[in-house]
Amino acid sequence: MEAASKAQLSRSIGGWITFPFIIASIVGLTLAFGGWSFNLIVYLIQEFDVESIDAAQISNLVNGAGNLIPVLAAIITDSFLGSFSAIWISSIISLLGTILLALTATLDSLRPKPCEVGSTSCSPKSRIQYIVLYAAIVLATLGYGGTRSTLSTIGADQLVDKPKDQGIFFNWFYFFWYSACLVASTAIVYVEDNVSWKAGFFICVACNVVALVIFLMGSRFYAKFKPEGSPFTSFIRVVVASIRKRQVTLPSTNEHFYQGHNEVPKALAVLPSNTFRFLNRAAIVSEGDIKSDGSTIKRWRLCSVQEVEDFKTLIRILPLWTSSFFLCTTIGVQSSLSILQALAMDRHLGPNFQIPAGSILVFVQISTSLFLALFDKFLFPMWHNLTGKPLTPLQRIGVGHVLNFVSMGISALVESKRLNVAKSHQGSNIVPMSVLWLVPQLVIVGIAEAFHFPGQVSLYYQEFPITLKNMATAMISVLVGIAFYLATAVIDIVRNTTTWLPGNINNGRMDNVYWILVVGGVVNFGYYVICSWYYKYQNLMEVDHSDSPNEE
C-alpha cells in the first residue's frame with residue numbers, strides 16, 4: 001500500500017479500527033521493557049556481583065536513555081523512515097536485546113558463578129559475560145525507545161481528520177501504558193523474584209514477540225505517510241535566509257512572499273504572521289531567487305512562508321515546554337525520596353505480608369490509570385456541562401502543575417510527622433508509622449500526571465508542524481529523560497550542601513527538601529501561567545469547535 005497524504009486521507013484506511021493493534025503493541029512492548037528494567041538493580045547485584053551503587057547508576061542510565069532515545073527516533077522517523085517502518089525495526093531490535101538478556105539468565109556460561117562473601121576461591125569474572133549483558137541492555141533499551149513516541153504518533157495519524165478523537169486516543173494510550181507499567185512492576189517482577197529470572201525474562205520475550213506480530217497484523221489498516229525530509233534543515237535555512245536578507249525591507253503586501261514550488265491560489269496562500277517579523281525576510285522573493293518553473297535557485301537564500309511559520313510555531317511553544325522541566329524534576333525527586341521513606345517505615349499489611357519498598361510507587365501508576373479512564377467518561381463531560389466549553393490542553397496542564405506542588409506540600413507534612421515519631425523512638429531505624437501515610441501524596445501526583453502528560457502530548461501534536469509530528473510526541477520523553485538526571489543532580493546538591501539527607505534519614509530534614517520543591521513548584525507555575533497567557537493556539541480552535549455539544 002502506497003503512503004497516503006495527510007491532506008487526502010482515504011476513508012478505507014486509518015480510523016479507530018487501528019486502535020486495538022496499536023494499543024496491543026504498546027502494552028506488549030512496555031511489559032517487555034518494564035519487566036526487566038524495573039528489577040534491573042536486583043538482577044545486576046544478585047547475578048552479576050555488581051556493586052549496589054554501580055547497579056543504581058546503570059539503572060539510572062537505562063531509565064534516562066529510555067526517555068531520551070525517543071527523541072533521536074522521532075528525528076529519524078520524521079526525516080527518513082516514517083512511523084510504520086521505525087516501529088517494526090525498533091521492535092525487532094528490542095526483541096534481540098530481550099532474548100540476549102534472557103539467555104544471560106539461562107546459560108551458566110553467560111553469567112559469573114556465585115561467590116560467597118569472604119570466599120578466597122571465587123572464579124574470576126569474564127569480560128565477555130559483561131559485554132553480552134551490556135549489549136543486551138543497550139539493544140533492549142534502544143529498541144523500546146524507538147517505539148514509544150512513534151506508536152503514539154502513528155495512532156494519532158490514523159485520526160488526523162478527527163482532531164477531537166486524537167485527544168481521546170492520547171488519554172487511552174497513556175491509560176494502557178500506565179497499566180502495562182503496573183503489571184510489569186508487580187506481576188513480572190514477582191515471577192523474577194519468586195520463580196526464576198529465566199521465567200521472568202522469557203515472559204518479556206513473549207510479550208515483545210506478541211506485540212510485534214499484532215502490530216504487523218494491522219499493517220493493511222494503517223494510514224501510512226511518507227517522511228517529508230528533515231524538518232530541522234528547513235528551520236536552519238529560515239535562520240540563514242533571514243540573516244542573509246536582513247537589509248531587505250519588509251514589503252507592505254503579501255504578493256512578494258514565496259509560497260513554494262507549486263503555485264498556490266491567492267485564497268489558499270499562507271500569510272506571514274506579525275510575530276517574529278524579522279524571520280519573514282526569509283520568504284521575500286528577490287531578484288534571482290527563483291527559476292521560471294517556480295523552484296528556488298538558492299535554497300539557503302529563500303524559504304516558503306509555510307516553512308517560516310512552522311519555525312515560528314516551534315519558537316512559540318518552547319517557553320511552555322521549558323516550564324515542564326521543573327514539573328517533571330519534582331516527580332523524580334519525590335519518587336527517589338519516597339522509596340527511602342518507605343524503607344524507614346512500617347511496611348507490614350497484616351502479620352504475614354510486607355510491601356516491598358520499591359513497589360510503593362505502584363500507587364502513582366494506579367491513580368494515573370484510574371483517572372485516565374475516568375476523564376473521558378465523567379470528568380471532561382462534567383466540565384463541559386458546567387462551563388459550556390471543553391477543557392483545553394493548556395488548562396489541563398495547568399491543573400497538573402497545581403496538583404503537583406500540592407502533592408509536594410503533603411509530602412513535606414507527612415515527612416515532618418514521620419520525623420517527630422522518629423525522635424520519640426530513637427535507636428530504631430524503622431519508625432512505627434505505617435507506610436500507607438505515603439499513599440495520599442503518591443495518589444495526588446498520579447492524578448497530576450493524568451492531567452499534564454496527555455495534555456502536553458495533545459498540545460504538542462496538534463500545534464507542531466506536520467513535519468514534526470513524531471518529535472511532538474517525543475517531547476514528553478525528552479522532559480522525563482532530562483528531568484530524571486536533574487532529579488539526581490538536585491539530590492546530590494542537597495546532600496553536598498546541607499545535612500538534610502544523611503545516610504540515616506531519621507536524623508535529617510527531608511521535609512525541608514519537599515518545601516523547597518513546593519516553593520519552586522509555585523514559582524514555576526507562575527512562569528507557566530505567564531507563558532500560557534501569551535500563547536495563542538495555532539490549530540486547536542478546530543478541536544474546540546468540534547467539541548461543541550450541538551455536534552452529533
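**View 1. The whole protein chain, with 53% of its 552 residues buried.** Buried here means under 20% relative accessible area, exposed means over 50%, and partly exposed lies in between, with a 1.4 Å probe and protein chains only. This is a predicted model, in which local features need pLDDT of at least 70 and side-chain atom pairs count only at pLDDT 80 or more, while totals for chains, interfaces and linings use all residues. Residues are numbered from 1 along each chain as its sequence is written, and side-chain values use heavy atoms, leaving out hydrogens and water. You will find 15 helices and 4 strands in the protein chain; these are DSSP runs numbered from the N terminus (helices H or I, at least four residues; strands E, at least two). The accessible surface is about 25900 Å², and carbon and sulfur atoms account for 63% of that surface. Areas come from the Shrake-Rupley method with a 1.4 Å probe, and for residues only the protein chains shown count as cover. Of the contacts (heavy atoms within 4.5 Å) between residues at least 6 apart in sequence, 82% join residues at least 24 apart.

**View 2. A nonpolar patch on the surface.** Leu72, Ile76, Phe80, Leu81, Trp88, Ile89, Ile92, Leu96, Leu139 and Leu216 together offer about 850 Å² of accessible area. Patch members have over 30% relative accessible area and no salt bridge; nonpolar side chains (Val, Leu, Ile, Met, Phe, Trp, Tyr) are joined within 5 Å, and like charges within 9 Å. A salt bridge would be a side-chain nitrogen of Lys or Arg within 4 Å of a carboxyl oxygen of Asp or Glu. Helices α3 (52-81) and α4 (83-106) each supply at least two residues of the patch. Leu216 sits in helix α7 (residues 197-217) and is partly exposed, at 38% relative accessible area.

**View 3. The kinked helix α10 (residues 362-387).** The kink is about 70 degrees and centred on Phe375, where the bend is the angle between axes fitted to the seven residues ending there and the seven starting there. Phe375 is among the buried residues of α10, which also include Leu372, Ala373, Asp376 and Phe380. Their cover includes α6 (163-194), α11 (393-423) and α12 (439-463). Just after α10 comes Gly388, with a positive phi near 80 degrees.

**View 4. Ser532 in helix α14 (residues 510-534).** Ser532 counts as buried because its relative accessibility is 17%. Setting aside neighbours within four places in sequence, look for its contacts with Leu320 and Leu394. Gly398 is 134 residues from Ser532 in sequence, yet their C-alpha atoms are 8.9 Å apart.
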